Each structure stands twice: as structure tokens, then as C-alpha cells.
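Let's take a walk through this one, from the broad layout down to a few backbone oddities. Have the structure open and follow along.

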Amino acid sequence: MAEKFTFSLDGQEITAEPGQSIMKAADAAGVYIPRLCDTEGLKPQGSCRVCVVKMNGRTVAACTQPARADAIVESETPEIMGYRRDLVRMLFHEGNHLCPICEASGRCELQAMAYRLGITQSTKYPYLQPVRPVDASHPDIVLDTNRCILCGRCIRASRDIDGKNVFEYVGRGVHKKVGVNGDSLADTDVSIDDRAINLETCPVGCIIQKGRGFFTPIGERQFDLAPIGSNGKGRKA
Amino acid sequence: MPESPLSKHAKAEQAVMAICERFGNDRTRLLDILLEVQARFRCVEPSLMECIARQIGTYRVEVEGMVSFYAFFSDSPRGQVVIRLCDDIIDRHAGTEEIAQVFSRILGIGFGETSPDGRFTLEYTPCIGMSDQAPAALINERVVTCLTPARAEEIALGLKQGLGPGELDLPEGDGNNLNPLIGSMVRNNIRLRGEVLLSDVPADAGLHKALRRPPDQVREEVERAGLLGLGGAGFPAGRKWRMAADTPAERRFVICNADEGEPGTFKDRVLLTERADLMIEGMTIAAYAVKAREGIIYLRAEYAYLRRYLDTVLQRRRDQGLLGTDADGPGGFDIRIQMGAGAYICGEESALISSCEGLRGEPKNRPPFPAESGYLGYPTIVGNVETFCCAARILDRGAAWFRSWGTKASAGTKLLSVSGDCERPGVYELPFGISVRELLDLAVAPDAAAVQVGGASGQMINMSQFDRRICQEDLPTGGSVMVFSAKRNILEIVEYFLDFFIEESCGYCTPCRVGNVFLKRRIGKIRQGLCQPEDLDYLRELGKTVAETSRCGLGHTSPNPVLSTIANFPLVYAALLKINRDGREASFNIQSALEESRYLAKRRSMIYDPTYEGD
């Protein structure tokens with residue numbers, strides 16, 4: 001097995017294996033780097049950019065950048081935190097994120113990330129207010145892409161874990177969205193038991209399971225109990 | 001007897017299956033398959049997506065992902081003749097709008113529409129590489145340039161009367177554009193021939209010399225010459241070659257990036273027309289230097305009119321034993337042409353590779369770099385058309401000869417595409433280090449008030465900066481130099497560039513997908529006089545976030561038009577900003593703010609409307 005090495009993350013010495021990402025190494029050391037598109041068990045894709053860090057002065061995504069021996073990595077600096085706030089605000093403003101009426105409120109990673117980063121009031125950006133049809137064709141599942149943050153977790157889970165490819169990106173630029181493999185969800189072989197549909201997979205309220213809305217009382221919801229990242233790995237459970 | 005819908009559908013499926021089979025039902029050739037299906041059916045509708053997916057062993061939604069990514073594909077039928085009018089900023093200044101009205105009037109449809117009889121589609125398209133002969137348009141694959149309302153009318157009437165795009169009576173181009181295999185009215189507009197590329201070059205002199213030396217020496221020669229990638233990114237070409245050669249692999253690839261899409265650039269068009277052999281010679285040398293046996297020329301869809309000519313050149317070189325898979329030496333290397341399908345982002349090398357692999361043209365995560373793991377996972381050299389041409393010349397004349405031009409960091413000459421408000425738009429081959437002022441003098445641009453160097457992603461400089469030099473040390477460029485006179489509106493140009501990036505962003509990462517939209521909205525507000533000085537801080541901060549956190553070069557550079565104009569044209573902004581006095585927001589206009597609620601309430605406001613007299 002190849003030699004382990006160390007690098008510096010905000011002044012703390014972190015041990016990494018060759019090829020290991022900064023994120024994975026930090027997770028293993030119990031140091032949390034904020035993230036939305038990356039989640040345990042799925043291949044990282046580096047698209048939300050919330051995990052940006054500076055490595056030797058260059059901004060990189062911690063989830064896809066392999067750690068390097070003697071790298072100096074900055075994460076919780078005012079500059080990086082500023083970028084993260086801007087990125088999370090962009091995601092809020094790109095979609096329709098109405099927390100008070102959203103089923104995912106309290107277990108939503110976008111909402112929790114906003115709280116963690118201190119975003120508690122409306123921001124300077126314009127709202128893009130998409131108007132996309134909600135797909136409620138499936139007996140067990142609702143897909144509301146107006147609440148999607150394009151993290152691609154459902155796509156990767158369906159493809160790499162369920163082996164089904166129910167979801168895929170369609171369109172490009174600001175018109176990019178998650179499409180389904182058919183005319184509607186009912187037309188696909190998606191199942192409520194798929195990993196793609198699991199509550200842990202969609203970080204927001206885009207994929208909703210029918211018949212079990214608002215199942216946890218306010219005050220007892222996941223992120224009511226502890227802020228996101230409290231367990232040092234950003235996992236929901 | 002009318003054909004039943006069922007048999008029509010079955011026939012369509014059969015045709016699609018035949019197309020897939022011709023590409024070996026290979027998932028990685030999906031771009032080619034879709035190009036043919038689109039050409040045949042004028043769309044790739046969901047039932048055909050389903051059929052393709054089944055045939056090549058993928059999913060319909062993946063095919064849909066491809067169709068919805070590339071501008072030249074559509075999921076509903078386009079007209080038999082698709083007219084794509086270039087609405088680049090240079091073309092707009094040259095009169096695109098007037099031309100658009102002529103086409104609309106005669107064909108009876110608006111832009112973005114297809115005529116009910118299915119004959120015509122009108123569309124706008126970003127820069128088609130003809131800024132030196134704007135306004136220009138594509139009629140299917142045929143290029144028409146220097147459009148005037150009269151010429152547009154003639155063309156539209158001809159098409160309406162049933163002439164095919166190839167049957168239109170158009171003036172002749174110049175140089176090799178007259179070659180029957182090209183047969184285009186495009187003009188090269190070569191204004192200045194430098195010694196490296198546009199003067200007479202001996203055929204295959206570089207290749208023959210290269211073959212007499214061991215591959216590592218060939219790589220070293222290119223490294224010693226200090227050749228940088230000439231598409232815009234400026235990465236040392238020799239280092240790429242070395243990385244590819246040093247990575248152990250069973251296959252290696254050489255890809256020529258002929259996806260010239262940066263607004264205002266058209267020098268690769270000229271090289272493809274006039275120096276195709278030199279470019280292929282350079283690719284062959286690269287293949288020899290890194291032991292690659294397979295090559296690809298990625299040709300942008302807008303340059304499809306050059307395809308037949310390039311195919312012929314490739315075949316001739318195979319016949320000459322300079323290409324082909326069944327011989328030793330240079331003949332051990334062969335090249336295929338991969339057509340693009342309308343996506344600026346595919347000029348980014350890893351996005352280009354994705355596209356060649358039949359995927360959405362999204363950049364890949366780095367590391368690994370393409371030279372280590374590129375096309376199909378094999379070490380791949382991606383180089384610009386001009387870079388390969390220079391490599392061939394370097395092997396002929398030597399690194400020292402090449403270095404005798406240019407600056408310390410930018411060796412050699414550069415083809416500059418000059419367009420806009422000047423008397424002599426066209427291609428200039430000049431040594432790196434030339435000042436903008438010298439270039440403007442050559443192009444006869446006495447009224448230049450602002451110059452955009454490096455295309456939409458470059459820098460806008462003002463008159464006091466015209467002594468700045470074009471090179472890595474100062475103003476880098478892939479070749480685009482757009483000249484604007486004082487009568488042009490700087491913020492209209494900036495807003496146009498942002499529209500371009502919004503349209504062309506792949507959407508993979510948050511800052512580029514969303515941030516550019518926000519930049520554009522605020523520029524629009526400034527233009528309406530609805531902003532105050534603090535809004536410049538907003539633009540600077542947002543621009544920095546987009547540039548710093550984006551995943552690829554597109555987002556790293558898309559805020560440049562905003563940031564460089566704020567820095568270099570502060571008065572343009574100052575004139576439109578309102579300063580707050582008495583603690584009131586001067587940019588706030590109560591009347592316009594009330595418009596929407598008035599509209600919704602279907603009545604005027606009693607309090608704020610001075611003319612209101614009650615119902």
C-alpha cells in the first residue's frame with residue numbers, strides 16, 4: 001500500500017492516502033468542509049462548488065481535488081466563507097425555495113447550509129422563479145424540479161447504485177434540469193425503494209415521497225437538533 | 001394510397017437503426033448518430049431517442065440530454081432550410097436587425113419559428129466565425145456573408161421560390177474558397193502574411209525532418225521553441241506532448257480543436273481553408289512524437305462547409321502514405337473528422353473530449369489532465385489548429401528560428417482576427433508583443449475608442465491603454481480583437497457578452513450557471529438608470545465569486561467584460577448611476593415599482609398617482 005502523507009487544512013495537520021480527495025481526508029479526520037452535491041456513497045462530481053477551498057492559493061473543489069503532500073489548504077477563511085455564502089444564495093435564488101411550506105424543511109441540506117453560513121434573511125440577488133411542471137404521475141413519488149439544486153445525487157444514485165438511470169441532466173446553462181427516462185416518472189421503472197428516492201439522497205424538497213409529508217414535528221427535525229456538519233461528515237444520519 | 005402512420009414510424013425506426021449500425025451501434029459515437037438523424041428527420045423526437053437508446057444500449061433520457069445540450073439538435077421538426085442569422089455583437093453593429101426583418105417579412109415567420117409548411121426555420125446563432133464579413137448567416141451548411149437588406153431579400157426570395165441553399169446565386173469568395181470542394185462566398189481577408197504561417201510554406205518539410213529524429217527529440221524541439229497553445233489558454237504545447245508520451249498507455253490520441261467559437265475569432269477558419277495540410281502535418285508530427293495512432297479533427301458545426309474539402313485532403317494524404325493505419329512511419333496514424341453540433345463550451349479541451357465521446361459537452365474534472373487520461377481514458381493531446389500549424393513549422397525551421405519572433409513568454413507569431421469598427425477587418429499574422437495601437441493602425445481604425453482583446457472572455461481596454469502589448473506578459477488572446485468606435489454603447493456590448501455566456505454555459509456548476517444571469521440582470525438595471533454606486537461593488541464581488549469558484553475556463557473568464565469595463569470605463573458607469581441624497585434611494589422609481597401591482601389590480605393607485613382622480 002502506498003505511503004500516507006500529510007497536508008495542512010486551516011493550520012491543522014491532516015493525514016491522506018495517495019489519490020484521496022481533500023474532502024475524504026478531512027472527513028476521515030473529522031474536519032467538516034461544507035458541501036451539497038457530494039454525499040457519502042456517491043462518486044463526487046464537483047458541481048455545487050460549495051466545498052471550494054484554496055489549495056496553495058488556487059480555488060479548487062475539495063470533493064474532487066486529490067490531496068497533495070505539503071499542500072496548504074484554506075477552508076474557513078472569510079474569503080472562502082464569502083464564496084460559499086454567494087453560492088448557497090445563488091441556489092436559493094435559482095429555484096423556488098419556500099421553506100415554510102416545503103416538506104423538506106428541517107431536514108433540507110440547502111436550508112441547513114444557509115443557517116450554518118449565517119444566511120438568515122433575503123439577499124441581494126434576483127429570484128429566477130422557474131415555472132416547471134410538477135411530475136406527480138407516479139403513485140409514490142413527486143418530482144418538483146422547481147426546488148432542484150442540480151446536485152445530481154438522484155442521477156448518480158439511480159445510475160450507480162440502483163442500476164436504473166431513471167434520472168439524467170437535460171438542457172444546458174440556466175435551462176439545465178433533471179429529466180426522467182420517459183414521458184413522466186410513472187413511465188419509468190423507478191421505485192420508492194430506490195436509493196435515488198431515499199430521503200437521504202435528495203438534499204432538498206425536489207423528490208418527495210407521497211403519503212408521508214411533514215412527518216417530524218418542528219423542533220425535532222434533523223437540523224433542529226444539530227446544525228449540518230455537526231457529526232463532522234455532513235451526512236444526514 | 002396514403003401511408004399509414006404506423007408504417008411511417010416503422011420506416012423511421014428502420015432508418016435510425018441503419019444509422020446506428022453504420023456507427024457500429026457504438027455509444028461513444030452518439031454525436032455522429034444524432035447529427036445524421038437530425039439531418040434526415042430535421043429533429044430527434046422522443047420516439048427516435050427511444051429507438052437510438054435501444055440500439056446503442058443506453059437510456060432515452062441520456063439521448064435527450066444530448067439533444068437538449070447542442071444547439072443544432074431539436075426535439076421537434078425544424079424546417080427543410082434552417083437560416084441561422086449570426087447575432088454576434090459585431091454583426092449586430094453591422095445591421096443584423098435589418099437583415100432579420102427582411103427574412104421575417106419574406107418568409108412570414110419570426111425568429112425561433114418554423115413555417116407551418118415545414119420549409120423554413122429562422123434562428124439566431126452566436127458568432128459563426130465571420131465577423132470580418134458581417135452580417136453573416138448560415139443557410140443549412142452554406143455560409144452567406146456581407147449581408148445587405150437587398151442581398152437578404154434576394155436570398156429569401158430565391159429560397160421561397162424553391163432554390164436549395166446550394167443553388168443560390170452568390171458572389172465568389174477568394175483563395176481556396178474558390179475550390180469546388182468548398183465553393184463558398186467566404187473571403188479569407190488575409191491582410192498581413194507573417195513568416196511562420198501565412199507566407200509560402202514548403203509541403204511536409206517539418207514532417208520529413210521530424211521523422212529523421214527520435215520522438216523525444218521532436219518533443220524537446222517543440223518545448224525549446226516555447227510554443228504555447230494558441231487557442232487562448234496558452235498552456236505550453238511541448239509540456240502536453242511530454243505528459244502524453246510519459247503516460248504509459250496502449251493507445252494515445254491527437255485531437256485538433258477546430259471548434260473556433262470565441263466571438264470575434266475567425267483565424268482558424270482561414271487556416272483550415274488555406275493551411276489544412278500544414279495543420280494535419282503538425283498533427284502527424286505530434287502523433288509521431290507521442291506514439292499516437294489515432295487522431296480526430298473536431299470541426300465546429302458552423303464550419304461544415306469545409307468538411308468535404310478537409311475529407312479530401314485527408315484522403316489525399318492517405319494516398320500519399322502520409323496517413324493511414326496500415327503502414328509504418330507517418331502512415332501508422334490516421335485521422336477522422338468529428339463534427340460539432342453547436343456548443344461554444346466544446347472549445348474547452350475536456351468538454352471537447354466529452355463531446356467526441358458522445359456525451360454532453362461538459363468539461364471533465366481535473367486532475368487527471370487530458371494528456372494523462374483523455375479521450376476514452378487514453379492520453380490525449382488536444383491542440384488548437386494554429387498550434388499544430390506552428391509545430392510543423394518549428395520542426396522544419398527549428399526552435400531558435402521560431403523564438404526569433406515574439407516576446408520572452410510568447411514566442412512566434414500570432415494570427416489576429418480583427419473585426420468591428422475598422423476599415424481593414426481580417427487576419428493579421430504578427431509577432432507576439434505587437435501593441436494594440438500598431439495593430440489598429442494596420443487595420444485602419446482611427447475612430448477606435450475601445451478594443452476587446454481576447455473575445456467575449458477577454459479584456460476591454462480604453463484609448464489610454466492602446467500601447468499595451470498582445471502577449472502572455474500583458475494582453476493574452478486566442479486571436480480575437482474587436483474594435484469599437486465611440487458611437488458604440490459599451491454596456492450594450494457587455495450585456496451582449498453576458499447573454500452569450502448565459503446561453504453557452506453548460507450549466508454544470510452553480511456560479512457559472514446562475515452567477516452570469518445575475519451579472520447580466522444588474523448590468524441591465526444599470527442601463528435602465530436604476531442603480532447606484534454600490535451596485536458596482538455588487539458586480540465586483542459577484543464577478544469575483546464566479547471567476548474564482550467556477551469549474552472551467554468559461555466561468556473563470558465570463559465576468560471579464562464586466563470587471564474590465566468597470567476598471568477601464570468608469571465614466572460610462574458613473575453617467576448612469578444615481579447618487580443617494582437625503583437617505584433616499586435615488587434609483588428607486590415609485591411609479592415603475594407600482595406598475596406590476598397596478599396591472600394585477602387593474603386599477604391605478606390612489607396615493608402615488610398624481611393624475612388619479614378616483615373611479
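Start in chain B, in the loop that runs between α14 (349-356) and β9 (380-384): that is where you'll find B:P367. Keep in mind that this is a predicted model. What makes the proline worth a stop is the bond leading into it: the peptide bond from B:R366 to B:P367 is cis, with omega near -5°.

There's another cis bond to look at in this chain. Go to the loop between β2 (120-125) and β3 (137-139) of chain B, which holds B:P135. Here the peptide bond from B:A134 to B:P135 is cis, and its omega is near -10°. Why bother pointing these out? Because most peptide bonds are trans, and most residues other than glycine have a negative phi.

That second habit of backbones brings us to phi. Over in chain A, A:R49 isn't a glycine, yet its phi is positive, at about 70°. You'll spot A:R49 in the loop between α1 (22-28) and β3 (52-55) of chain A. Is A:R49 buried or exposed? With 31 other C-beta atoms within 10 Å, A:R49 counts as buried, because the cut-off for that is 20 or more.

Now hop back to chain B for B:K602, again not a glycine and again with a positive phi, this time about 55°. B:K602 sits in the segment after α24 (590-601) of chain B. The surroundings are sparse in C-beta terms: B:K602 has 6 others within 10 Å and is exposed, because 12 or fewer is enough for that label.

Zoom out to chain A as a whole. The domain assignment splits out domain 1 (5-76) and domain 2 (85-211). Taken over C-alpha atoms, the centres of these two domains of chain A are 25 Å apart. Where they touch, domain 1 of chain A puts in eleven residues and domain 2 of chain A puts in 15. On the domain 1 side of that contact, six residues are nonpolar, three are polar and two are charged.

Last stop: where the chains meet. Chain A brings 31 residues to the contact and chain B brings 33. On the chain A side, α2 (78-94), β7 (167-170) and β8 (177-180) each supply at least two residues. Which element gives the largest share of that side? It's α2(A), with six residues. By class, the side of chain A that touches chain B comes out as 14 nonpolar, ten polar and seven charged residues.

Definitions and conventions: Residues are numbered from 1 along each chain as its sequence is written. Chains are lettered from A and ligands numbered from 1 in the order in which they are written. This is a predicted model: local features need pLDDT of at least 70, side-chain atom pairs count only at pLDDT 80 or more; totals for chains, interfaces and linings use all residues. Domain bounds come from an automatic or database domain assignment. Two residues are in contact if their C-beta atoms, placed from the backbone, lie within 7 Å. Ala, Val, Leu, Ile, Met, Phe, Trp, Tyr, Cys and Pro count as nonpolar, Asp, Glu, Lys and Arg as charged, and the others, Gly among them, as polar. Helices (H or I, at least four residues) and strands (E, at least two) are DSSP runs, numbered from the N terminus.
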